[in-house]
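Subject: Structure for you to look at

Hi there,

Here is the structure I promised to pass on. Could you open it alongside this note and follow the residues as you read?

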Amino acid sequence: RPSPPKILRRPRPFHSLLLMSAAPTPSVLPLELIDKCIGSKIWVIMRGDKEILGTLRGFDDFVNMVLEDVTEYGRPGEPPKHLEQILLNGNNVCMLVPGSEGPETVKEVEVEEPKAAGLLAAAAE
């Protein structure tokens with residue numbers, strides 16, 4: 001009796017094994033999260049130096065957004081601009097912060113230099 005043909009399978013990547021073993025958790029898709037933000041304040045951090053704070057009125061699949069009661073923050077030292085309504089191109093969006101009051105409410109945190117970096121700098125001298 002001939003033996004059955006062997007089925008060759010590629011080994012699964014480690015991360016997929018972790019996903020298979022983890023308990024199922026509810027997930028929220030990005031567009032669902034943005035949809036929940038309609039009518040509320042949203043802080044948009046753009047590519048470059050601009051940040052925008054406004055009330056989200058609508059968006060599409062490309063994350064083009066319509067915002068009302070908008071404050072646009074440019075480079076440090078520039079006064080913020082106030083606009084009634086804008087259509088924001090989603091190509092330039094880096095990050096969305098739902099429910100935020102914008103960059104003025106973010107506290108600056110002083111970050112200490114890691115000890116290893118100090119030792120490397122001292123060794124280089």
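Below is what I found, starting with the core and then moving to two strand residues.

Please keep in mind that this is a predicted model.

The core
The largest nonpolar core has 14 residues. Those that touch the most other members are V44, I52, L56, M65, L67 and L88. Four strands each give two or more residues to this core: β1 (41–46), β2 (51–59), β3 (65–73) and β4 (81–88).

L56 is a good place to start browsing. Beyond its neighbours within four places in sequence, L56 is in contact with I34, C37, I38, G39, S40 and I42, and also with M65, V66 and L67.

T55
T55 lies in strand β2. Its relative accessibility is 9%, so T55 counts as buried, the cut-off being under 20%. Leaving out residues up to four places away in sequence, T55 touches G39, S40 and K41, along with V66, L67, E68 and D69.

K41
The contact with T55 leads on to K41, which sits in strand β1. Is K41 buried, exposed or partly exposed? K41 counts as partly exposed, because its relative accessibility is 25%. Among the residues K41 touches, again setting aside those up to four places away in sequence, are L53, G54, D69, P98, G99, S100 and E101. The C-alpha atoms of K41 and R57 are 9.6 Å apart in space, while the two residues are 16 apart in sequence.

Happy browsing, and do write back with any questions!

Best wishes

Key
Residues numbered from 1 in each chain as written. Predicted model: local features only at pLDDT ≥ 70, side-chain atom pairs only at ≥ 80, totals over all residues. Heavy atoms only, no water. Core = buried A, V, L, I, M, F, W, Y, C linked by side-chain atoms within 4.5 Å. Buried < 20%, exposed > 50% of the residue type's maximum accessible area, 1.4 Å probe, protein only. Contact = heavy atoms within 4.5 Å.
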